[in-house]
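Work through the exercises below with the sequence and the structure side by side, and try each task before reading its solution.

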Amino acid sequence: HDNDKLKKGVIEYNDIVENLHHAALLTKNSELYDMTTIALRALEQINTKLGVIKIPSDKFTKPDAEYHMILNSVVTNNESYDGQIANTIEVGFRRGNEVLRRATIEIYKYEDSGNE
């Protein structure tokens, strides 16, 4: 039971630091941005020591049901993008073979915009 709490805590810390970093970027607060960049680097080192790895959810790659949860779709008129990852909404994490949280994503959905 304590392990589950610890795993959830690690994910929450990752989310907090990532969100602060994103807020610093949006507000263009350079001092906060620099501080959160340092915090992100420290968090990456801690994650490495704990064996916690971010689940890749790169744009234009195919999702994997084991690692990705599709939340929404984004319409595209490019057929080659159909079913590929469009955006990452929430980063996922794994430790070894254990998925701590699947990445929440949006995928592209092809819709023909031709004349009907």
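**Exercise 1.** In this predicted model, find which residues form a nonpolar patch on the surface together with Tyr13, and state how much accessible area they have together.

*Solution.* Step one is to identify the members: the patch on the surface consists of Tyr13, Ile16 and Leu20, and together these residues have about 330 Å² of accessible area. Step two is to place one of them, and tyrosine 13 lies in helix α1, which covers residues 2-27. Step three is to classify tyrosine 13, which counts as exposed because its relative accessibility is 57%, and the cut-off for that class is over 50%. A general point helps in reading such a patch: an α-helix has 3.6 residues a turn, so residues three or four places apart point the same way.

**Exercise 2.** Describe helix α1 by its span, and determine which of its residues are buried and what covers them.

*Solution.* Begin with the span: α1 has 26 residues and reaches 37 Å from its first C-alpha to its last, which is close to the 38 Å expected at 1.5 Å a residue. Next, list the buried residues of α1, which are Val10, Ile11, Asn14, Val17, His21 and Ala24. Finally, look at the cover over these buried residues, which includes the helix α2 (30-50) as well as the strands β1, β4 (92-95) and β5 (98-101).

**Exercise 3.** Determine where valine 52 is placed, whether valine 52 is buried or exposed, and which residues valine 52 contacts beyond its neighbours within four places in sequence.

*Solution.* The place of valine 52 is strand β1, made of residues 52-55. With a relative accessible area of 9%, valine 52 is buried, because the class requires a value under 20%. Once the neighbours within four places in sequence are set aside, valine 52 is in contact with Val10, Asn47, Phe93, Arg94, Arg95 and Leu100. Of these, Val10 is itself listed among the buried residues of α1. As for separation, valine 52 and lysine 7 lie 45 residues apart in sequence, while their C-alpha atoms are 9.3 Å apart in space.

**Exercise 4.** For lysine 28 and phenylalanine 60, give the phi value, the loop and the exposure class.

*Solution.* Take lysine 28, which follows α1 and lies in the loop between α1 and α2. Its phi is near 60°, a positive value in a residue other than glycine, and lysine 28 is exposed, with a relative accessible area of 74%. Turn then to phenylalanine 60, found in the loop between β1 and β2 (68-76). Phi of phenylalanine 60 is positive, near 70°, in a residue other than glycine, and with a relative accessible area of 38% phenylalanine 60 is partly exposed.

Conventions. Residues numbered from 1 in each chain as written. Predicted model: local features only at pLDDT ≥ 70, side-chain atom pairs only at ≥ 80, totals over all residues. Heavy atoms only, no water. Helix = DSSP H or I, 4+ residues; strand = E, 2+ residues; numbered from the N terminus. Buried < 20%, exposed > 50% of the residue type's maximum accessible area, 1.4 Å probe, protein only. Contact = heavy atoms within 4.5 Å. Patch = residues over 30% accessible without salt bridge, like charges linked within 9 Å, V, L, I, M, F, W, Y side chains within 5 Å. Areas by Shrake-Rupley, 256 points an atom, 1.4 Å probe, with all protein chains shown as cover. Salt bridge = Lys/Arg side-chain N within 4 Å of Asp/Glu carboxyl O. Expected span 1.5 Å × (residues − 1).
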